[in-house]
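Welcome! Please take a first look at the sequence and the 3D view, and then read on for a short guided tour.

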Amino acid sequence: MLDYVTSYLKSSTTPGQAGDVLWSLIYILAIFAGLSVAVIAMNWLERKILAHMQVRLGPMRVGPHGLLQPIADAIKLLIKEDIAPTEADKWVFWMAPLLVVITAFTVFIVVPFGPTHAVTDMNIGVLFMLGVSSLSVLGVVMAGWASNSHYPLMGALRSSAQMVSYEIAMGLAVISAVLMTSLGSEDSGTLSMIGIVQAQASQETWFVFKFFPLGLIAFFIFAVAMVAETNRAPFDLPEAESELTAGFHTEYSGFRWSLFFLAEYSAMIAVSSIAVTLWLGGWLRPFSHWLSGDPWETVFSLFPGLSFLVLAAIAVFSTMRMPKHPYFKIQKIGLGVFASVLLLIGVVLFLPPVRDRVQDIFWFVAKVAAFMYLYIWYRGTFPRYRFDQLMKVGWKILLPMGIGVLILTAVSGIYF
Amino acid sequence: MVTRLKGRHGSGIREATSYLGQNYLVVESTLIPDFLRMLRDEEKFDYLVDVTAVHYPEREKQFEVVWILYSFERNERIRVKTLVAESVPSVFSIWPTANWLEREVFDMFGISFEGHPDLKRILLPDGWKGYPLRKDYGIIQQDNEWVQINLGIESGQ
Amino acid sequence: MQPVATTFFFYFLSGLALLGGVLVITRRNPVHSALSLILTLLALAGLYLMLYAPFVAGVQIILYAGGIMVLFLFVIMLVNIEKAGKEEQFNKIWAVGLLAAVMLGGLLVTVFVKGNALFPDRGMMLPPEESNTQAIGTMLYGNYVFAFEIASLLLLVAIIGAVVMAKKRI
Amino acid sequence: MSHGTSHLELQDHEKTFLDSNELIINMGPQHPATHGVLRVILKLDGEKVLGTECVIGYLHRGVEKIAEHRTYTMFNPYVDRMDYVAAVSNGLGYCESVEKLLNIQAPPRANYIRVILTELNRLASHMLWLGTHALDIGAITPLFYTFRDREEILKIFEKYCGARLTTHAFRIGGCLYETYDGFESDVTRFLKFVAPKIEEYEELLTTNRIWVERTKNVGFISAADCVALGVTGPVLRASGVKWDLRKAQPYAAYSEFDFEIPIGTTGDTYDRYLVRMQEMRQSLRIIEQAVGRIPSGPIMAKVPKVIKPPAGEIYHSIEAPKGELGYFIVSDGSTQPYRIRVRPPSFVNLQALDQMVRGALVADVIAVIGTLDIVLGEVDR
């Protein structure tokens with residue numbers, strides 16, 4: 001039994017490909033749990049970062065520095081009354097959030113957190129991710145239509161038009177990255193997520209720097225399109241608060257609304273994962289070819305533990321800065337416990353066996369986290385596009401750019 | 001200017017005086033749309049500042065309708081007043097801004113403006129009875145029936 | 001990769017596809033019909049996957065379920081459904097429909113009965129899984145390039161037609 | 001307020017099997033972008049606006065009726081509740097009107113204090129406008145910046161008269177309160193504090209591509225239309241009419257200061273934005289000049305104990321942050337006004353909404369409501 005469990009640790013392939021049901025299940029559960037935690041953390045971080053950009057503090061009351069705020073919110077949402085409009089199409093109304101959540105989580109089957117850290121590796125990995133995430137627009141459309149109300153309907157119309165339009169530009173950008181996978185000496189082109197990262201490893205460059213600036217432009221197109229794809233500012237027209245109140249989920253409340261929320265954030269993480277995989281080298285650490293060799297390997301493998309130590313240090317510092325008043329005693333203890341948990345994780349990450357297995361995941365997550373920060377930054381900075389301008393950007397700027405980049409990449413691939 | 005106007009409209013202009021440095025004309029209500037149009041076109045009073053009314057219940061013609069005009073060119077204001085019983089021609093065709101201003105006067109005083117495209121209540125609900133700015137309308141008076149039907153409460157007070 | 005429970009999945013997906021198909025024609029509400037059609041298309045994608053045609057399956061999901069059906073829904077949503085239900089349906093051509101159904105059924109039965117004779121098993125070689133996408137690309141731009149270009153021309157004509165029709169109103 | 005038929009109802013012949021053409025949508029009275037309880041009924045073709053109808057009156061409190069049952073002094077605080085974000089301007093207009101009716105003059109010192117507070121209030125009003133306008137267009141950050149800086153103005157008000165929003169700062173005949181110790185240094189400090197902040201707002205928005213795209217050529221209104229519709233204030237000036245009551249018919253102490261009237265050229269939303277930003281700078285200039293040379297002397301003119309203006313009537317108007325704010329007062333010689341009519345700038349400006357958004361998109365309606373800078377307390381009174 002123990003052998004069976006540990007056998008996988010030594011395997012060099014994903015559990016899905018190995019046909020290992022138990023480990024697949026463990027991976028799925030781990031991804032599900034990790035994603036939920038990530039969404040909760042993202043919720044807290046978004047509020048805090050946005051608040052600090054806007055000269056305010058953000059959540060401060062529930063737990064030290066509002067750390068427990070997302071949990072309080074989750075409880076609130078769960079026990080809230082679940083309202084469905086009387087004239088709504090009950091069945092579709094009920095299905096819509098489920099569909100959105102299912103598609104948002106399903107794409108993570110092929111996300112490669114490391115060479116073996118994925119549930120499975122499909123040879124159509126990218127296609128699968130794009131396809132399944134394109135299904136989420138169905139959920140949005142269903143939600144908007146089933147609510148039987150004007151604002152959600154307009155939100156649904158906007159989102160279906162927007163998502164279908166930006167998918168094309170997105171697809172073109174992806175294809176130009178996929179083209180690059182076939183250019184290595186021993187590579188043949190592949191759509192597999194793991195294969196794409198391995199191609200970047202063997203070509204010794206991240207695709208964002210390949211054929212400079214072609215890779216960069218394709219990456220830029222994708223980075224814009226993915227914001228539009230996930231309905232985030234400045235492309236948040238389907239849920240434009242000041243225009244359509246809340247767009248397609250105006251009539252949703254409580255748990256079903258929280259499913260939309262969950263789906264939105266996991267979709268953000270999903271498209272960021274695609275961007276990281278395709279252009280930013282996936283799990284590869286920075287400078288993996290310039291600074292290779294034994295001492296550098298060790299140095300870079302220390303990063304995961306170090307980053308947790310830094311977080312722990314920040315938490316300790318905040319604990320010390322807490323007011324001396326007895327009123328803050330519980331908060332102080334809480335923050336202290338949080339700091340020591342971070343410290344413990346940091347220390348565990350320094351253990352050599354853990355260190356080796358975890359650093360792929362760490363680099364992947366760090367790159368995705370940078371994208372998450374960008375999302376928040378956009379939201380704090382940009383006004384919202386108008387619908388016709390959004391379409392103009394999609395069809396008249398991104399689409400021709402995508403076609404041009406694709407052609408130029410193909411030409412460069414043949415001649416260079 | 002006043003003499004020029006008087007020469008043209010003769011007895012139509014009842015009174016042309018100035019009080020505290022502000023000019024006003026009292027004219028016959030029969031002159032109304034044309035006289036104001038003339039003021040706009042020939043005397044360059046191109047900006048209708050306000051349309052309002054004052055209620056004098058003891059008079060025979062109980063409402064005094066006031067148009068406040070301003071001329072950008074002369075940087076000068078003038079008030080045109082007329083006494084009416086209950087209706088007066090609309091100036092909507094001269095100044096579009098009169099649309100809402102006249103609706104408000106209608107809403108508050110019940111003066112109807114002939115030729116107004118869409119004369120209906122503006123601030124009070126459509127079904128409301130009574131015209132609040134008339135002197136015979138008490139300050140705490142309200143349309144109890146409307147309140148009971150539409151708000152489902154005994155009284156709004 | 002070992003296929004897992006192939007028979008079960010075949011019947012499961014086929015059942016789903018059939019269920020969706022039946023729902024498409026029995027639902028009165030066009031949105032429900034469209035959603036059922038999406039179910040059918042997804043089940044078909046699963047069947048393609050079982051035939052070792054992952055690329056076709058992926059394209060099926062992206063284009064049909066994610067793209068075309070969204071546009072279908074887009075149009076249906078704009079139609080006032082309550083009124084559409086009451087509207088007199090004027091194109092009830094039962095006879096033609098029945099004829100088409102009988103012909104299609106006949107064809108299916110013929111293929112089922114004489115299957116092996118019509119499509120002799122030439123020991124069809126499945127392309128190795130890894131290069132499935134490449135194989136499709138080679139075929140599209142090699143053997144079938146003419147048909148492919150014709151199809152794209154047809155689509156271009158359709159696009160121009162749509163633009164002309166839409167522009168009329170502006 | 002209209003609950004019955006609206007001219008925007010679909011006609012029977014407009015209803016077709018494919019009802020994809022016209023859509024009636026009800027924006028408000030509870031809507032995040034209508035700045036209070038404004039209800040706008042939109043007739044849409046897809047996202048294109050075919051017509052609008054404003055339904056107002058949800059906040060009607062009968063201010064004009066109340067005035068007839070209060071003495072002149074007692075009515076003073078009520079005017080603060082109309083345009084509650086520019087309460088000082090409202091108070092100034094009312095006090096000056098009654099002073100004119102009584103034929104008295106506020107002393108110079110009072111006039112200077114009035115100018116400083118009114119201009120501070122104009123800044124506060126414009127800041128609130130900027131924050132909410134940007135929020136409507138989707139930029140959430142400027143709101144917090146402007147509220148942070150508006151807070152400093154409210155602090156000065158609070159120190160001066162004890163109230164932050166509905167200040168009731170002035171009395172008929174002058175000011176009730178002498179400036180507190182350190183008033184001048186507070187104001188000077190505020191001027192130094194806020195000048196870079198205005199640059200900061202401009203940095204966030206003026207050259208922001210999305211902001212420019214959202215506001216340029218949106219909600220266009222020509223100067224002739226402005227005049228015909230009686231639109232005043234920054235909206236009129238953005239259309240290119242150089243008209244400001246502070247210059248045209250100076251009141252209080254405005255004739256003694258050197259300032260400019262910023263005007264726009266095209267009359268679109270972006271121009272109105274630029275005009276208001278420039279106005280904020282001009283306000284700073286006025287305050288800077290005023291605070292340096294507040295004359296000494298009394299702050300109250302000789303006002304009779306019981307205010308009993310002679311029978312007669314008066315119309316007086318001032319340049320409020322939103323436009324021309326006028327008071328038409330009819331006195332019958334008693335202690336209570338016979339009739340007070342308030343000429344509200346927001347009410348008249350709101351009328352232009354329909355013309356400005358016809359043919360535009362839904363998102364533009366929000367931008368235009370924001371750029372008109374209406375306060376529903378004043379629209380409904």
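Let us begin with one pair of residues in chain B: Ile68(B) stands opposite Arg79(B), which belongs to strand β5(B). Keep in mind throughout that this is a predicted model. As a whole, the model scores ipTM 0.77 and pTM 0.82.

**Three strands of chain B**

The strand β4(B), residues 63-71, pairs with β5(B), residues 76-84, in the antiparallel sense, and nine bridges join the two. Four residues lie between these strands in their hairpin, where Asn75(B) takes a positive phi near 50°.

β4(B) also pairs with β3(B), residues 47-55; these two strands run antiparallel and are joined by eight bridges. One of the partnerships links Tyr47(B) to Tyr70(B) in β4(B). Here are the two pairings in a small table.

| Strand pair | Direction | Bridges |
|---|---|---|
| β3(B) and β4(B) | antiparallel | eight bridges |
| β4(B) and β5(B) | antiparallel | nine bridges |

Is β4(B) largely enclosed or largely open? Seven of its nine residues are buried, so β4(B) is largely enclosed by the rest of the structure. For β3(B), eight of the nine residues are buried, so this strand too is largely enclosed by the rest of the structure. A useful thing to remember while viewing strands is that side chains in a regular strand alternate between the two faces of the sheet.

**Chain A, built with helices**

Now turn to chain A. How many helices and strands does chain A have? The model gives chain A 16 helices and zero strands. Its C-alpha trace spans about 60 × 60 × 50 Å along the principal axes. A compact globule of 416 residues would have a radius of gyration near 22 Å, and chain A has 22 Å, so the value agrees with that expectation.

Two further values help to fill in the picture of chain A. Of its 416 residues, 49% are buried. If you take the contacts between residues at least 6 apart in sequence, 77% of them join residues at least 24 apart.

**Chain D and its two domains**

Last on the tour is chain D, whose mean pLDDT is 84, with 94% of its residues at 70 or more. Over residues 1-7 of chain D the pLDDT is below 50, and this stretch has 18 contacts in the model beyond near neighbours in sequence. Residues 12-19 of chain D also stay under 50 in pLDDT, and the model has nine contacts for them beyond four places in sequence.

Chain D is divided into domain 1 (7-55) and domain 2 (63-380). Their C-alpha centres lie 32 Å apart. Where the domains touch, 15 residues of domain 1 of chain D are in contact with 16 residues of domain 2 of chain D. Which elements give two or more residues to the domain 1 side? They are β2(D), residues 39-45, and β3(D), residues 48-55. The largest share of that side, five residues, comes from β3(D). By class, the domain 1 side has eight nonpolar, five polar and two charged residues.

Technical notes
Residues numbered from 1 in each chain as written. Chains lettered and ligands numbered in written order. Predicted model: local features only at pLDDT ≥ 70, side-chain atom pairs only at ≥ 80, totals over all residues. Buried ≥ 20, exposed ≤ 12 C-beta atoms within 10 Å, placed from the backbone. Pairing = 2+ DSSP bridges. Rg over C-alpha atoms; globule rule 2.2 N^0.38 Å. Contact = placed C-beta atoms within 7 Å. pLDDT = per-residue confidence, 0-100. Domains from an automatic or database assignment. Nonpolar A, V, L, I, M, F, W, Y, C, P; charged D, E, K, R; others polar.
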